[in-house]
Amino acid sequence: MSRYDGLAGSYDAMMTDAVYVKRADWLERLFRKSAIPVKSVLDLACGTGTIACLLAERGYQVIATDASEEMLTQAMLKAAVLEECAPVFLQQEMPKLRLLEPVDAAISTIDSLNYLTRERDIRETFKRVYRWLKDGGAFIF
């Protein structure tokens, strides 16, 4: 059980000041500066999927991961209205990241990486993100 499972239902209400649309705008500006065109994005530790859904609505192919089943349940409920452009959600811990194919960019917003408290988990997370990024892809966190 993830430490966020009990919080999932009320997380979005607590994060009303997170200015998600502005964050998505900022990410898109960075994507345009990328060494490669950004079409596919990994949202690492996506929580309830707000950023993943905003990027999917803007035309990006989004793969979103989180360790918490309950957070992902909230994310999938939110994404249900997106139909064909909805993100793909995967339950995974950051240091165990595995994707089916590389992505053009990876993001981890808010404070997700702060929950990696062991140095080996941080190192492994960065190694795995690097492994799943296409050459020239960026990791924005």
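I began just past helix H3, where I found glycine 59 following the helix with a positive phi, near 100 degrees; helices here are DSSP runs of H or I with at least four residues, strands are runs of E with at least two, and both are numbered from the N terminus.

I noted that this is a predicted model, in which local features need pLDDT of at least 70 and side-chain atom pairs count only at pLDDT 80 or more, while totals for chains, interfaces and linings use all residues. I also noted that residues are numbered from 1 along each chain as its sequence is written, and that side-chain values use heavy atoms, with hydrogens and water left out.

Next I looked up H3 itself, residues 50–57, and found it mostly covered, with seven of its eight residues buried (under 20% relative accessible area, with exposed meaning over 50% and partly exposed in between, for a 1.4 Å probe and protein chains only). The buried residues of H3 are Thr50, Ile51, Ala52, Cys53, Leu54, Leu55 and Ala56.

I then turned to isoleucine 36, which sits in the loop between helix H2 (20–32) and strand E1 (40–44). Isoleucine 36 counts as buried because its relative accessibility is 17%.

Which residues is isoleucine 36 in contact with, leaving aside its neighbours within four places in sequence? I listed Phe31, Asp104, Lys134, Asp135, Gly136 and Gly137, where contact means heavy atoms within 4.5 Å.

Last, I checked a pair 69 residues apart along the chain, isoleucine 36 and alanine 105, and found their C-alpha atoms separated by 9.0 Å.
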